[in-house]
Each structure stands twice: as structure tokens, then as C-alpha cells.
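Biologist: Could you take me through a single part of this model, slowly and in plain words? I'd like to see what sits around it and what it connects to.

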Amino acid sequence: MKAAELVGPITLRPADASDVVTMAAIERDAFSDPWPVSAFTELLSQPYARLTVAVDARNALCGYCVLLHVLDEGEIANIAVAPWLRRRGIAAQLLDAALASGAALGLATVFLEVRLSNDAARGLYASRGFEPVGRRRAYYRDPLEDALVLRWERPTSA
């Protein structure tokens, strides 16, 4: 699928077993240390994991998000969009859905790590209320780079 092949609006749905090969392909395009197909397959069966995919009108997979949760805390373990479909708001839709899902699960806090150099992702996360709370030295490999740890807290009703 190329940018010109995107058809219709993007919709979100829960991932299923038919999605994992494409999710892993997007993962390989997005990250230097990608998860294998088996990681996505395993997460599909776990009650602590919510995998969401973004698809176009033909059900062609454009991106995905993995939310992990325990008690009242969550983690955006992975969020990725096919490189030729970036800058179209797909990651924002996936992130918003993950945060809404987390709030429905009763999560008070959601964490994630992001490369220090990933200005686009950092801007997206900041726009949704994520704030820096730490740094993981040499977290990413190839190239070696620190991760910024970000935290989102569910707004409390006044």
C-alpha cells in the first residue's frame, strides 16, 4: 500500500490474528529493533493488552497501537503508522483511542518511552498532556539513544 492507495476515511478497530503480519511489517519499517510477529500474536490473547489498528475503507491496515495495563496504570508499549501514511493524524487517532480505552479501564496514569530525537512524536504526546518524568539512558539501539519517559494522568472531574 502506498500513500496514493489510501482509500476513504481511517477507522479504528481491535486487532485480530489476521492483522499481525502487517503489524509486524509496519513495525519493521518504523523501528530499528522491531517486535516479531510472535509478539503481536501473543499479546492478542492477553487480558492486559489492548491492540488497536487503524484501517482505511478497504480494511487496509495503516497503523496500530498497543496499550498494556495493570491495576490503574497503563503503558503505550508501541504505536506506529506506515511511513508513507504519516502526518495524516492516524497516530493521533490511535493515541486518543488508547487513552479513552485506558480511561474506560480505570487507568489513572499512562506511561510511554520516546526517542529524544523524535520531535514529531514528542509534539503529539505533549498535545495530549503527556509530561516528561524521566530518562532511560541508552534505551534505544541502532542508533544508540536515550528515551524520554512520559506520563499522562487522567483528568479528574472538578
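Modeller: Sure, let's park ourselves at strand β5, residues 109-115, which is mostly covered: six of its seven residues are buried. Keep in mind that we're looking at a predicted model.

So what lies on either side? On one flank there's strand β4, residues 73-81, and β4 and β5 pair in the parallel sense over three bridges. If you want a spot to find by eye, look for G74, which stands opposite V110 in β5. To get from β4 to β5 the chain travels through helix α3, residues 90-104, and this β-α-β crossover is right-handed.

β5 has another partner, strand β7, residues 145-153: seven bridges join them, and these two run antiparallel. Here a handy marker is E113, whose bridge partner in β7 is V149.

Now let's zoom in on one residue from each partner strand. In β4, pick out I79. I79 counts as buried because its relative accessibility is 14%, and the cut-off for buried is under 20%. What is I79 in contact with, leaving aside its neighbours within four places in sequence? The list is F31, Y64, C65, A91, L94, L95 and Y125. Take A91 from that list: I79 and A91 are 12 residues apart in sequence, and their C-alpha atoms are 7.1 Å apart in space.

Y64, another contact of I79, leads us to some rings: W35, F40 and Y64 form one aromatic cluster. In the model the count of aromatic pairs comes to four. One of them is W35 with F40, a tilted pair with 5.4 Å centre to centre and 50 degrees between the planes. F40 is buried, with a relative accessible area of 0%, whereas W35 is partly exposed at 24% relative accessibility.

Over in β7, have a look at D146. Like I79, D146 has a relative accessibility of 14% and counts as buried. Its side chain makes a polar contact with the side chain of R135, at 2.8 Å. The D146 side chain also reaches the backbone nitrogen of A138, at 2.8 Å. Not counting residues up to four places away in sequence, D146 touches several others, including V114, R115, L116 and Y139.

To trace the whole thing on your screen, start at β4, follow the chain through α3 to β5, then step across to antiparallel β7.

Notes
Residues are numbered from 1 along each chain as its sequence is written. This is a predicted model: local features need pLDDT of at least 70, side-chain atom pairs count only at pLDDT 80 or more; totals for chains, interfaces and linings use all residues. Side-chain values use heavy atoms; hydrogens and water are left out. Rings of Phe, Tyr and Trp (its six-membered ring) pair if their centres lie within 6.5 Å; planes under 30 degrees apart count as stacked, over 60 as edge-to-face and the rest as tilted. Buried means under 20% relative accessible area, exposed over 50%, partly exposed in between (1.4 Å probe, protein chains only). Helices (H or I, at least four residues) and strands (E, at least two) are DSSP runs, numbered from the N terminus. Two strands pair if DSSP finds at least two bridges between them. A crossover is right-handed if, with the strands pointing away from the viewer, the path from the first strand over the helix to the second runs clockwise. Contact means heavy atoms within 4.5 Å. A polar contact is a pair of N or O atoms within 3.5 Å; within protein, one must be able to donate a hydrogen and the other to accept it, and residues adjacent in sequence count only if both atoms are side-chain atoms.
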